[in-house]
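Trainee: I've got a structure open on my screen and I'd like to learn how to read it. Could you walk me through some of its features?

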Amino acid sequence: MTAASPAETSRPGADSAIELGSSKASARRMANAIRALAMDAVEAAKSGHPGMPMGMADVATVLFTRFLKFDASDPTWPDRDRFVLSAGHGSMLLYALLYLTGYDGITLDDIKRFRQWGSPCAGHPEYGHAPGIETTTGPLGQGLGNAVGMALAERILAARFGGALVDHRTYVIASDGDLMEGISHEACSLAGHLRLSRLIVLYDDNGISIDGSTALADSTDVLTRFEAMGWQASRVDGHDPRAIAAALDAAQSSERPVLIACKTVIGFGAPKRAGTSKAHGEALGPEEVVGARVALDWPYPAFEIPGGVMSAWRAAGTQGSRERKAWEARLAATEPRLRDQFESALSAEIPATFAPAIATLKAKLSAEKPALATRKASEMALEVVTAAVPTTVGGSADLTGSNLTKTKNEAVVGPGNYAGRFIHYGVREHGMAAMMNGMALHGGLVPYSGTFLVFSDYCRPSLRLAALMKKRVIHVMTHDSIGLGEDGPTHQPIEHLAALRAIPNLLLMRPADGVETAECWEIALKQKARPTVLALSRQNLPTLRLEHSDENLSARGAYVLKESDGPAQVIFIASGSELELAVAARDILQRQGIGARVVSMPCSQLFDEQSEHYRARILEPGAVKVAIEAASPFGWDRYIGASGAFVGMQGFGASAPYKELYKEFGITAEAAAEAALARLKQARG
Ligand SMILES: Cc1ncc(C[n+]2csc(CCOP(=O)(O)OP(=O)(O)O)c2C)c(N)n1
């Protein structure tokens with residue numbers, strides 16, 4: 001790739017006029033406004049990525065002025081097109097576009113303070129920093145996965161509410177790095193299979209990544225790759241507005257998702273650095289910035305946009321308002337019941353009919369006291385959830401019969417058929433989790449799905465982003481311990497509970513019986529601003545909540561399941577399948593006249609959020625604490641203290657019937673009682 005010379009930046013035929021109402025401006029000059037803002041902001045911050053915004057400025061200009069349906073004055077208009085900057089390191093491209101088109105939220109001063117404390121113009125524009133940012137990627141590939149979820153959400157909602165209310169597209173700018181990441185295969189192959197034709201990816205085909213030419217590490221024929229996944233793929237000169245517009249025009253009527261490889265020069269306009277990896281991720285330096293201004297014929301001072309260019313951009317920002325108003329009129333004219341359903345879906349509220357329905361299930365389980373795997377209890381809860389909450393959309397990564405996430409209320413979503421509520425994600429945990437985030441970001445749906453808990457590692461980057469972006473997605477993760485038995489140590493989660501508990505703003509819930517499972521589902525659905533992982537057992541567990549309570553006892557994270565007879569000298573704390581061992585250990589001690597309490601802790605994060613008073617009441621400071629969990633001890637110290645004991649796993653599991661495994665690994669009621677007695681003896685000195 002050669003550097004763009006001044007001659008190249010003004011090559012004939014590479015420009016066109018863009019008409020925006022009464023404004024008319026050269027596409028190249030509008031793009032140069034993006035380039036200048038990007039290089040000036042990175043220069044001021046002395047850090048950032050000028051190359052991508054400078055390379056993709058022409059493509060972005062054509063997209064935002066001629067194709068993207070948006071109204072800068074109403075960033076949350078439900079039927080707007082979604083724009084995802086998957087190559088999030090090029091964040092200055094997005095900030096420049098939001099400022100130029102007049103979104104309320106990014107000012108010129110914010111851009112001057114790019115990457116500084118308190119500026120919405122963060123290094124990577126994490127979701128929620130400013131209106132107009134749909135989502136971007138810090139970790140490459142995630143944005144692309146999110147976009148597939150958004151495009152699917154659009155189709156599902158269109159099938160429900162009709163094209164008059166839901167009729168938009170999802171556009172993505174993705175880079176080489178996005179396409180090299182494995183997640184792009186997972187998400188894009190499913191997009192191709194499902195024929196998500198309203199997904200249009202503009203691939204920044206600049207052949208450069210951080211280490212140098214992409215040829216150092218990749219020789220994929222990207223077009224053939226995407227065609228093989230069922231996409232329509234083409235290549236254009238990414239600096240020729242007419243060619244870009246023609247490709248985008250053709251994309252509008254595609255019956256398949258579309259990839260447009262835009263051949264660009266990274267750092268376009270920078271005399272020495274253009275076309276090199278030096279343009280990727282550092283300030284260009286004063287000399288190069290001056291040179292770029294000459295090459296681009298952009299004689300204006302830093303951060304200054306000439307009036308004509310500015311007014312053209314502002315006109316681009318308002319041209320969608322007519323379409324928005326027409327949509328509002330259609331919404332107002334919609335049959336009231338359908339309109340209510342649509343507005344209720346977008347409100348993210350859980351219908352009022354849900355709470356009594358789940359309470360009825362809880363009462364039934366307490367009365368009938370079945371022995372149930374919590375995954376089975378989850379299936380029962382899901383029958384209630386999916387009946388009462390139509391926004392829920394289920395799925396599984398090819399473990400539907402094991403995760404038990406599909407209910408009779410859910411038809412399957414398939415290629416060209418989006419009138420369902422259940423998605424067979426195939427064996428694509430990472431893509432699934434990213435798509436779920438995209439659906440949640442889109443709005444109108446509450447995605448949940450399933451895999452084995454041990455494979456949470458395969459979707460952890462997306463789980464982390466759901467937590468960071470404060471999005472409600474619910475992951476059913478079954479086979480949650482050595483209790484899965486014969487499949488052996490590759491399938492037996494050990495450190496996963498601790499690892500998930502370590503993610504800020506994510507709830508890891510491990511219910512102990514059917515009643516707690518129903519409660520945990522209720523809590524997960526109520527979380528409007530955080531994701532939940534439900535860790536569920538493969539093996540049957542007894543009902544331990546024998547008396548019905550309308551109150552959701554799991555909501556405080558931990559509670560006293562069984563009080564001691566007399567003062568509590570020992571407190572057994574357990575989650576999930578080990579709660580029954582805690583109850584049995586308590587009985588052993590009580591028979592010896594030692595007061596022992598059982599605390600169920602389905603969610604340590606929620607417990608940590610309780611008042612100090614509550615926490616001290618549940619885990620009385622004077623008592624000896626013994627935690628029982630068939631997993632890593634990591635993280636339990638803060639509940640059991642220095643004088644406590646942990647009964648659980650110290651290494652990997654093994655392949656055998658689960659009852660034998662519990663015995664062999666010493667996770668038994670007797671072991672817990674003995675540990676308590678030993679600690680009591682020590683404490684009495
Ligand atoms: C998952 C992940 N790995 C690594 C990085 C660090 N990183 C940021 S950009 C980049 C690659 C840059 O190449 P490309 O995607 O082609 O972007 P361009 O240089 O064209 O801007 C890398 C490795 C990252 N952001 N995410």
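Mentor: Sure. Keep in mind as we go that this is a predicted model. Let's begin with a sheet: five strands make an open one, in the order 3-4-5-9-8, with parallel pairing.

Trainee: Which strands stand at the edges of that sheet?

Mentor: Strand 3 and strand 8 (232-237) do. Each has a single partner strand, so one side of each is left without a neighbour in the sheet. On average, neighbouring strands here are turned by 20° against each other, direction ignored.

Trainee: And what holds strands together in general?

Mentor: Strands of a sheet pair through backbone hydrogen bonds, either parallel or antiparallel. In this case, strand 3 (residues 82-85) and strand 4 run parallel and are joined by four bridges, with Arg82 opposite Thr170 in strand 4. Moving on, six bridges join strand 4 to strand 5 (residues 199-205), again a parallel pair; there, Ala174 stands opposite Tyr203 in strand 5. Over at strand 8, six bridges pair it in the parallel sense with strand 9 (residues 258-263), and Arg235 faces Ala261 of strand 9 across that pairing.

Trainee: How many residues of strand 4 are buried?

Mentor: Six of its six, counting residues 170-175. To look at its two faces, remember the general idea: in a regular strand the side chains alternate between the two faces of the sheet. For strand 4, one side carries Thr170, Val172 and Ala174, and the other Tyr171, Ile173 and Ser175; all of these are buried, which leaves both faces covered.

Trainee: Let's try the other sheet. What is the order of its strands?

Mentor: The order is 18-20-19-21-22; this is an open sheet of five strands, and the pairing is mixed. Strand 18 (559-562) and strand 22 (645-648) are at the edges with a single partner strand each, so one side of each is left without a neighbour in the sheet. From one strand to the next, the twist averages 30°. As an example of a pair, strand 19 (residues 570-574) and strand 21 (residues 624-629) run in the parallel sense over five bridges, and Ile571 has Lys625 of strand 21 as its bridge partner.

Trainee: Which strands does helix 22 touch?

Mentor: Helix 22 (residues 579-591) packs on the sheet and touches strand 18, strand 19, strand 20 (596-600) and strand 21. Its direction makes about 170° with that of strand 20. Helix 27 (residues 669-684) packs on the sheet too, touching strand 19, strand 21 and strand 22, and its direction makes about 155° with that of strand 21.

Trainee: Now helix against helix. At what angle do helix 2 and helix 12 pack?

Mentor: Helix 2 (residues 27-45) and helix 12 (residues 307-318) pack at about 95°, their axes 10 Å apart. That makes helix 2 roughly perpendicular to helix 12. Arg29, Met30, Ala33 and Ile34 of helix 2 meet Val309, Ala312 and Trp313 of helix 12. Next, try helix 4 (residues 91-101): its axis and that of helix 12 come within 7 Å and cross at roughly 90°. So helix 4 is roughly perpendicular to helix 12. The contact is made by Leu97, Tyr99, Leu100 and Thr101 of helix 4 with Met310, Trp313, Arg314 and Gly317 of helix 12.

Trainee: Let's go to single residues. Is Arg428 buried or exposed?

Mentor: Buried, yet without a salt bridge: Glu186, the nearest side chain of opposite charge, is 6.3 Å away. A salt bridge would need a side-chain nitrogen of Lys or Arg within 4 Å of a carboxyl oxygen of Asp or Glu. Arg428 sits in the loop between strand 12 (422-424) and helix 18 (429-442). Leaving aside neighbours within four places in sequence, Arg428 is in contact with Glu186, Ser189, Leu190 and Ala397.

Trainee: And what should I look for in backbone angles?

Mentor: Most residues other than glycine have a negative phi, and most peptide bonds are trans. Ala348 has a positive phi of about 70° although it is not a glycine. You'll find Ala348 in the loop between helix 14 (336-347) and helix 15 (354-368), partly exposed at a relative accessible area of 27%. Lys470 is not a glycine either, and has a positive phi of about 60°; Lys470 lies in the loop between helix 19 (460-469) and strand 14 (474-478).

Methods. Residues are numbered from 1 along each chain as its sequence is written. This is a predicted model: local features need pLDDT of at least 70, side-chain atom pairs count only at pLDDT 80 or more; totals for chains, interfaces and linings use all residues. Side-chain values use heavy atoms; hydrogens and water are left out. Helices (H or I, at least four residues) and strands (E, at least two) are DSSP runs, numbered from the N terminus. Buried means under 20% relative accessible area, exposed over 50%, partly exposed in between (1.4 Å probe, protein chains only). Lys and Arg count as positive and Asp and Glu as negative; His and the chain ends are not counted. Contact means heavy atoms within 4.5 Å. Two strands pair if DSSP finds at least two bridges between them. Axes are lines fitted to C-alpha atoms, for helices over the stretch in contact, and angles run from 0 to 180 degrees between N-to-C directions. Angles under 35 degrees count as roughly parallel, over 145 as roughly antiparallel, 65 to 115 as roughly perpendicular and the rest as oblique.
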